[in-house]
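Have a look at the protein below before you read on. The report that follows walks through a few of its features in plain words.

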Amino acid sequence: MNTVALPFESFGVSHRGCVRELNEDSYLVEPETGLWVVADGMGGHDAGEVASASIVDHLATIGIASSAPDLRARFEDRLSRANAEIRRISQSRGVTIGSTVAALLAMDGRFACLWAGDSRVYLIRNGSISQISKDHTEVQELLDKGMISAAEALAWPRRNVITHAVGVSDEIVIDFQQGEIMPGDVFVLSTDGLTAHVTDAEIEAAAVSATPQAACENLLQMVLARGGTDNVTIVLVKIGDGRNGAYPGPSRAEG
């Protein structure tokens, strides 16, 4: 396993959009620990904000892991704690609240993406963008079963109904993908407020042509210019080539 950390640079932005009164999204950028997260709260009023903030607050306590498996274990432990806290809040208020989560973990030359809900993780590699995560939505299930076409999915009336989230049940359903980090990789994490207005190709073009900060800000402005119907959160992580960059990622040898 490669224990030499490649340099990376990352940035995140979040905005309530043009329609919503509150921003119920939260995000976390923790390059020192090798963790980046977006979360999209749901439940109405301030409940969604509470749920997404609980996830981010718990994950912010991860600290420096001793290995990639340890980082994954710490992530799952904190997410479980957040789930329990959100469940307690739900019961005390007599309502169901919850939040999506999409996370990137990076350590020892490896990455893992974990998610629940329809917040996404993209990987741009060798000039091509791919969606690593797979939406936990009713419309995605219909697509997988061949019951509707991709064109029908775009206008499906229940396309925003999600099937898994943190806080809605005692057990969390999380999917994950993992692999090796390659020089030049760009990871984009976002809530669905981005993908409702911006295509994958536009995400790729913005991400590869600017610094993470400029790319995030450019994508946000694109969303707002197109009506910003939902809260939008974007986190972007660029991997260097190991010869330059001032943002070294964590490895086992680093404190």
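What follows covers the nonpolar cores, one helix, two loop residues and one pocket.

This is a predicted model, in which local features need pLDDT of at least 70 and side-chain atom pairs count only at pLDDT 80 or more, while totals for chains, interfaces and linings use all residues. Residues are numbered from 1 along each chain as its sequence is written, and side-chain values use heavy atoms, leaving out hydrogens and water.

Let us start inside. A nonpolar core is a set of buried Ala, Val, Leu, Ile, Met, Phe, Trp, Tyr and Cys residues joined through side-chain atoms within 4.5 Å; buried means under 20% relative accessible area, exposed over 50%, and partly exposed in between, using a 1.4 Å probe and protein chains only. The largest such core has 26 residues, and Leu35, Ile55, Leu59, Phe75 and Leu105 have the most contacts inside it. Two or more residues of this core come from each of β3, α1 (47–59), α2 (68–93), β5 and β6, with α2 giving the largest share, 6 residues. Helices (H or I, at least four residues) and strands (E, at least two) are DSSP runs, numbered from the N terminus.

Which residues does Phe75 touch, leaving aside its neighbours within four places in sequence? Phe75 is in contact (heavy atoms within 4.5 Å) with Leu35, Leu59, Ile62, Ala103, Leu105 and Leu114. A second, separate core has 21 residues, including Leu219, Leu220, Leu224 and Ile234.

Now to helix α6 (residues 200–208), whose buried residues are Ile203, Glu204, Ala206 and Ala207. Among the elements that cover them are β10 (186–190), α7 (212–225) and β11 (232–239).

Two loop residues make a nice pair to look up. Neither Asp108 nor Asn126 is a glycine, yet each has a positive phi.

| Residue | Phi | Loop | Relative accessible area |
|---|---|---|---|
| Asp108 | about 55° | between β5 (101–107) and β6 (110–116) | 2%, buried |
| Asn126 | about 55° | between β7 (120–125) and β8 (128–131) | 77%, exposed |

Finally, find the second largest pocket, with a volume of about 200 Å³. On a 1 Å grid over the protein atoms alone, a pocket is an open set of points where a 1.4 Å probe fits, with protein on both sides within 12 Å along at least five of seven lines, and lining residues have an atom within 4 Å of a point. The volume is the space filled by probe spheres set on the points. Strand β3 (residues 35–42) gives the largest share of the lining, 3 residues. Arg20, Asp40, Met42 and Asn160 are among the lining residues.
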